[in-house]
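Thanks for coming, everyone. I'll keep this short. Please have a look at the structure first.

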Amino acid sequence: VCGQDNSGMELIGSKVIGSWRWVSDIETQGDYAYLACGELGLQVINIDQPQPQRCVSILRGDDLDFKTLEVSNGFLVAGSNLTAVLIDISEPEALRIISTIDSVKEFDVDGDFLHVIFEDDYYLYSISEPAEPFLVGRLDNVGRVFSYPPGNGSIAAGNGLFCIADRDDQI
């Protein structure tokens, strides 16, 4: 864990998690760091005090293999085995899976929206109610998708530029 001030980076603490080769992504919110550790699960580290840091929670499951993470609005979206897993992190010591969205290869969280790529198709989900995400719309055969600039509703895809004027509009 490093802290930064205007003079640069300074090591203020460390935590050994078995082997760092298992950590594929890290997100922080408040006093906690969330680590995607593949088959070892989602691990939550209290980083309030640099030393000693302690693991306060681990979320594991037979078919969970966490690779990517994004924090949004008090919950975490974790990528695991072609699934986006929405996790309640309001109590980091007691993680709870809220819902899942299947057929997810890549994803990006943008406020209350989850941009998803699967195969060559683009899907836009509303996650304003994480327990009940719903599909807002989809575009078929778009190739790779980027939101540019992030948060403005413009989506650059492999075969064109799509603009969402009002996020409540259907695609």
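**Strand 12 and its neighbours**

Start with one pair: His115 stands opposite Leu124 in strand 13. Keep in mind that this is a predicted model.

His115 has a partner on another strand as well. In strand 12, Asp108 has His115 as its bridge partner. Asp108 falls within strand 11, residues 106–110.

Now the strands themselves. Strand 11 and strand 12 run antiparallel, joined by 5 bridges. Strand 12 also pairs with strand 13, residues 121–126. That pairing is antiparallel too, over 6 bridges.

Next, the turns. The hairpin of strand 11 and strand 12 has 2 residues between the strands. There, Gly111 takes a positive phi near 65 degrees. Strand 12 and strand 13 form a hairpin as well, with 2 residues between them. In that turn, Glu119 has a positive phi of about 55 degrees.

Is strand 12 covered or open? Mostly covered: 6 of its 6 residues, 113–118, are buried. Look at both faces. On one side, Phe113, His115 and Ile117 are buried. On the other, Leu114, Val116 and Phe118 are buried.

Last topic: cysteines. How many disulfides are there? The count is 0, with a cut-off of 2.5 Å between sulfur atoms. Cys37 is in no disulfide, and its nearest cysteine sulfur, in Cys55, is 8.3 Å away. Why no bond for Cys55? Because its sulfur lies 8.3 Å from the closest cysteine sulfur, in Cys37, and that is too far. As for their surroundings, Cys37 is buried, with a relative accessible area of 0%. Cys55 is partly exposed, at 31%.

Terms used
Residues are numbered from 1 along each chain as its sequence is written. This is a predicted model: local features need pLDDT of at least 70, side-chain atom pairs count only at pLDDT 80 or more; totals for chains, interfaces and linings use all residues. Side-chain values use heavy atoms; hydrogens and water are left out. Buried means under 20% relative accessible area, exposed over 50%, partly exposed in between (1.4 Å probe, protein chains only). Helices (H or I, at least four residues) and strands (E, at least two) are DSSP runs, numbered from the N terminus. Two strands pair if DSSP finds at least two bridges between them.
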